[in-house]
Amino acid sequence: MGVLPDWMIERDVKIVPFAPQQHRPGIISYGVTSYGYDVRVDRHFKVFTNVWGSTVDPKNFDPKSFVDVEADFCIIPPNSFALAETVEYLEIPRDILCVCLGKSTYARCGIIVNVTPLEPEWRGRITIEISNTTPLPAKIYANEGIAQILFYKGEAVCHTSYADKKGKYQDQAGLTLPFVPGTGT
């Protein structure tokens, strides 16, 4: 299994809008890199709140656990997190698996980005979790880089892709909260 270089990412992976890697002064970088693609965070955030005293339960998630924010930046409270989605829409080929890592600019500020792997034939805008591990409020900038995706080409094509198994987050419409099918949510 090898990692895809910039020219193969541009040729083999559908990313809309696709941004070339450029020097953008004053902006947290985004676009294609030597062996990856830096995605941007969009303007819609769901910031975690405990105003209602809810329990975080992935099988019965209470949407009131979040406050919606739509802006050019988002302030995440200390020791809290937010959900957001990428500006970019992706379609992952059947022979590629993606791993997503947070950008070092945010990591050096105590802001951790978590995204699960993007499986073969997954498509959509990525829902990402942004954790503020610091005791201070943290500022996240919309339309700027948030995470890097690495694309790994399999030695052979998989028997069953995410599309084949009708994955629950396939073609998700907007920022998607957690759910487990068959549990009422």
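Let's start with a charged pair: E70 forms a salt bridge with R43, and their closest N and O atoms are 3.8 Å apart. E70 sits in strand β5 (residues 66-70) and R43 in strand β4, so this pair ties together parts that lie 27 residues apart in sequence. The two partners are covered to unlike extents: E70 counts as exposed because its relative accessibility is 60%, while R43, at 29%, counts as partly exposed. Please keep in mind that this is a predicted model.

From here we can follow the charges further. Salt bridges that share partners join D42, E85 and R125 into one network. The structure holds 13 salt bridges. Side chains of opposite charge can pair when their charged atoms come close.

Another of these pairs is made by the side chains of R40 and E88, with 2.9 Å from N to O. This pair links distant parts of the chain, with R40 in strand β4 and E88 in strand β7 (residues 80-91), 48 residues apart. Are R40 and E88 buried or exposed? Both are buried. The side chains of R11 and D12 also meet in a salt bridge, at 2.6 Å from N to O. Here R11 is exposed, since its relative accessible area is 53%, and D12 counts as partly exposed because its relative accessibility is 27%.

Strand β4 deserves a second look. The strand covers residues 36-48, and V39 has its place there. With a relative accessibility of 1%, under the 20% cut-off, V39 counts as buried. Which residues does V39 touch, leaving aside those up to four places away in sequence? They are T86, E88, E144, G145, I146, A147 and I149. E88 is thus a contact of V39 as well as the salt-bridge partner of R40. V39 and I15 are 24 residues apart in sequence, and their C-alpha atoms are 9.6 Å apart in space.

Now to the annotated positions. An unreviewed UniProt entry gives the feature "binding site" at K103, S104, T105, Y106, A107, R108, Q148, Y162, K168 and Q172. These residues are spread over 70 residues of sequence and also in space, with up to 33.3 Å between C-alpha atoms. Among them, Y162 and Q172 are included in the lining of the largest pocket.

Two of the annotated residues make a nice pair to examine. Y106 lies in helix α2 (residues 104-107) and counts as buried because its relative accessibility is 3%. Beyond residues up to four places away in sequence, Y106 touches I28, I111, K139, I140, Y141, G145 and I146. Q148 is found in strand β12 (residues 145-153), and its 22% relative accessibility makes Q148 partly exposed. With the same sequence neighbours left out, Q148 touches T33, G36, Y37, D38, V99, C100, L101 and K103. K103 itself is one of the positions in that "binding site" annotation.

The unreviewed UniProt entry also has an "active site" annotation, which covers E129. E129 has its place in strand β10 (residues 123-132). Not counting residues up to four places away in sequence, E129 touches F81, A82, L83, I112, V113 and N114.

Finally, let's step out to the surface. F73, I75 and Y141 make a nonpolar surface patch of about 270 Å². F73 is found in strand β6 (residues 73-76) and counts as partly exposed because its relative accessibility is 39%. Y141 brings us back to Y106, which has Y141 among its contacts.

Notes. Residues numbered from 1 in each chain as written. Predicted model: local features only at pLDDT ≥ 70, side-chain atom pairs only at ≥ 80, totals over all residues. Heavy atoms only, no water. Patch = residues over 30% accessible without salt bridge, like charges linked within 9 Å, V, L, I, M, F, W, Y side chains within 5 Å. Areas by Shrake-Rupley, 256 points an atom, 1.4 Å probe, with all protein chains shown as cover. Salt bridge = Lys/Arg side-chain N within 4 Å of Asp/Glu carboxyl O. Helix = DSSP H or I, 4+ residues; strand = E, 2+ residues; numbered from the N terminus. Buried < 20%, exposed > 50% of the residue type's maximum accessible area, 1.4 Å probe, protein only. UniProt positions renumbered as here; feature names shortened; annotations may be inferred. Contact = heavy atoms within 4.5 Å. 1 Å grid on protein atoms, 1.4 Å probe; cavity = no way out; pocket = protein on both sides within 12 Å on 5 of 7 lines; lining within 4 Å.
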